[in-house]
Amino acid sequence: MSSLAGDTGLIFGRYLRELVRSKLGLVFGLMQPLLFLVLFGPLLRDVPLGGRGDAWQTLVPGLLVQLGLFGAAFAGFGILIEKQHGILERMRVTPVNRLALLLGRVLKDVVLLLAQSVLLVLAGVAFGLRVPILGVLFGFALVGLMSAALAALSYALAMRVASPQEFAPVVNAVNLPVMLLSGILLPMALAPGWLDGLSHVVPPRYVVEAVRAAFVGDYGHTVVIGTLAAITLVAASMALAIRPFRAAGD
């Protein structure tokens, strides 16, 4: 375990330094949710959304999940670049723990998400969002878990495909229906029955609902279900994602 922790910290530090040097990536990664906040949020202020809380307590949690969904889903592009430059091959011949190769990358993605999430919530507060501190912390934890799971799946996919031309269509084909069925922008309570029923097979829906509940100070059943969904998704994703990393050492 000490070896795993040390190797994970080593990999995490390497990619965190790369991230800090990529200032444009940090800025543009946050731009889309901020545009939704600025240009879409005011349209919802007087619209009955069928849930608790005001428009900002509905929209901002959805944007947090959107931030995690899109940022994590495309995380695997980094491995594709490393493949092309032989970086991954050089890592394979080192004695570093294979699980650490995955965990270090995922941890970097979670840290990035949390930094962007703080900025997004602060921007929401400037627009009128009022939310308990505990609710924000619960929201960050849930979105962080979901982001870890999706980043792991993204890395697993990137390990199995040969080029960005194969990777991007798969991610886009999955991301769009997941985003629409999660109720990120509008609660699924507004959807017709068949669409609402279909959305229940999408785990991020439960995360969105849990974060919205936390943002109005409700830490009951909805938050418990969302937490269980996020933990289950992390466990399943890590179990699937570690296989190609272990195979890389064979």
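This is a short talk on one protein chain, its largest pocket and a few of its helices.

Ground rules. The model is predicted: local features need pLDDT of at least 70, side-chain atom pairs count only at pLDDT 80 or more, and totals for chains, interfaces and linings use all residues. Residues are numbered from 1 along each chain as its sequence is written, and side-chain values use heavy atoms, with hydrogens and water left out.

Confidence next. pLDDT is the predictor's confidence in each residue, from 0 to 100. The chain averages 85, and 91% of the residues score at least 70. Helices here are DSSP runs of H or I, at least four residues, numbered from the N terminus. Helix α5, residues 87-92, has the lowest mean pLDDT of the elements, 73. The highest belongs to α7, at 94. Where pLDDT is low, the predicted coordinates should not be read in detail.

Now the pocket. A pocket is an open set of points on a 1 Å grid over the protein atoms alone, where a 1.4 Å probe fits, with protein on both sides within 12 Å along at least five of seven lines; lining residues have an atom within 4 Å of a point. The largest one has a volume of about 780 Å³, counted as the space filled by probe spheres set on the points. It is lined by 32 residues, and the closest to its centre are L19, A75, K108, D109 and L112. Helices giving two or more residues to that lining include α1 (2-21), α6 (98-127) and α7 (133-160).

Take K108. Where does K108 sit? It is in helix α6. K108 is buried, at 14% relative accessible area. Buried means under 20%, exposed over 50%, partly exposed in between, with a 1.4 Å probe and protein chains only. Beyond its neighbours within four places in sequence, K108 contacts F12, Y15, L16, L19 and Y155; contact means heavy atoms within 4.5 Å.

Two helices to check. The 19 residues of α3 should span 27 Å at 1.5 Å a residue, and the end C-alpha atoms are 27 Å apart, which agrees. The expected span is 1.5 Å times one less than the number of residues. In α3, 17 of the 19 residues are buried, so this helix is largely enclosed by the rest of the structure. For α10, residues 203-215, the expected span is 18 Å and the ends are 19 Å apart, again in agreement. Ten of its 13 residues are buried. After α10 comes G217, with a positive phi near 85°.

Last, G197, in helix α9. G197 is partly exposed, at 39%. Its C-alpha atom is 39 Å from that of L19.
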